[in-house]
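Here is a short report on one protein chain. Look over the sequence and the structure first, then read on.

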Amino acid sequence: GDVAQPAEAATAMQGEVACEAPNPSLYTFEGTLKCKSAKSESAEVALSAANLLLRGCKLRNTEWTLACVVFTGHESKIQ
């Protein structure tokens with residue numbers, strides 16, 4: 001597939017993630033992604049544990065993805 005199109009769209013995006021404070025629960029995550037691209041109105045998307053990739057996970061059979069790091073270091077769920 002053509003990876004250039006999603007990459008170009010990603011560089012034009014602006015946004016922020018509002019989410020719960022760091023906690024040790026591996027199976028819960030609640031947050032909201034507020035984003036705006038150059039070609040569209042603002043969008044707000046709910047985030048849950050289904051949208052979370054924990055440290056050490058690997059994506060397979062995936063042509064491309066957009067990602068945002070939320071917690072790092074001592075705040076991460078898996079250390």
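## Trp-64 and the surface patch

Trp-64 is partly exposed, at a relative accessible area of 42%. The model is a predicted one, and Trp-64 sits in the segment that follows strand S3 (43-47).

Which residues join Trp-64 in a nonpolar patch on the surface? Met-13 and Leu-66 do. Together the three residues of the patch have about 290 Å² of accessible area. Trp-64 can belong to such a patch because its 42% is over the 30% relative accessible area that patch members need.

## Overall layout

The protein has 1 helix and 3 strands. Their order along the sequence is α-β-β-β. The C-alpha trace spans about 40 × 30 × 20 Å along its principal axes.

How many residues count as buried? The figure is 10% of the 79 residues of the protein. The protein exposes about 6500 Å². Carbon and sulfur atoms supply 52% of that area.

Now take the contacts between residues at least 6 apart in sequence. Of these, 38% join residues at least 24 apart.

The protein carries 7 positive and 9 negative charges. The mean positions of the two sets are 7 Å apart.

## Cys-35 in strand S2

Cys-35 is part of strand S2, which covers residues 31-36. Is Cys-35 buried or exposed? Cys-35 is buried, because its relative accessible area of 15% is under the 20% cut-off.

What does Cys-35 touch, leaving aside neighbours within four places in sequence? Its contacts are Met-13, Gln-14, Gly-15, Glu-41, Ser-42 and Ala-43. One of these, Met-13, is also a member of the nonpolar surface patch with Trp-64 and Leu-66.

Arg-55 is 20 residues from Cys-35 along the chain. The C-alpha atoms of this pair are separated by 24 Å.

## Pro-6 in helix H1

Helix H1 takes in residues 4-11, and Pro-6 lies in it. Pro-6 counts as buried because its relative accessibility, 15%, is under 20%.

How are Pro-6 and Ser-42 placed? They are 36 residues apart along the chain, and their C-alpha atoms are separated by 18 Å. Ser-42 is also among the contacts of Cys-35.

## Ala-46 in strand S3

Ala-46 belongs to strand S3. Is Ala-46 buried or exposed? Ala-46 counts as exposed, because its relative accessibility of 64% is over 50%.

Leaving aside neighbours within four places in sequence, Ala-46 is in contact with Gly-31 and Asn-51. Thr-65 is 19 residues from Ala-46 along the chain. Their C-alpha atoms are separated by 18 Å.

## Asn-61 and its backbone

Asn-61 is found in the segment after S3. Trp-64 lies in the segment after S3 too.

Asn-61 has a positive phi of about 55°, although it is not a glycine. Why is that worth a remark? Most residues other than glycine have a negative phi.

Is the side of the chain at Asn-61 buried or exposed? Asn-61 is exposed, because its relative accessible area of 85% is over 50%.

## Recap

Two residues in this report are buried: Pro-6 in helix H1 and Cys-35 in strand S2. Ala-46 is exposed in strand S3. Asn-61 is exposed in the segment after S3. Trp-64, in the segment after S3, is partly exposed.

Technical notes: Residues numbered from 1 in each chain as written. Predicted model: local features only at pLDDT ≥ 70, side-chain atom pairs only at ≥ 80, totals over all residues. Heavy atoms only, no water. Helix = DSSP H or I, 4+ residues; strand = E, 2+ residues; numbered from the N terminus. Buried < 20%, exposed > 50% of the residue type's maximum accessible area, 1.4 Å probe, protein only. Contact = heavy atoms within 4.5 Å. Areas by Shrake-Rupley, 256 points an atom, 1.4 Å probe, with all protein chains shown as cover. Lys, Arg positive; Asp, Glu negative; His and termini not counted. Charge placed at Lys NZ, Arg CZ, Asp CG, Glu CD. Patch = residues over 30% accessible without salt bridge, like charges linked within 9 Å, V, L, I, M, F, W, Y side chains within 5 Å. Salt bridge = Lys/Arg side-chain N within 4 Å of Asp/Glu carboxyl O.
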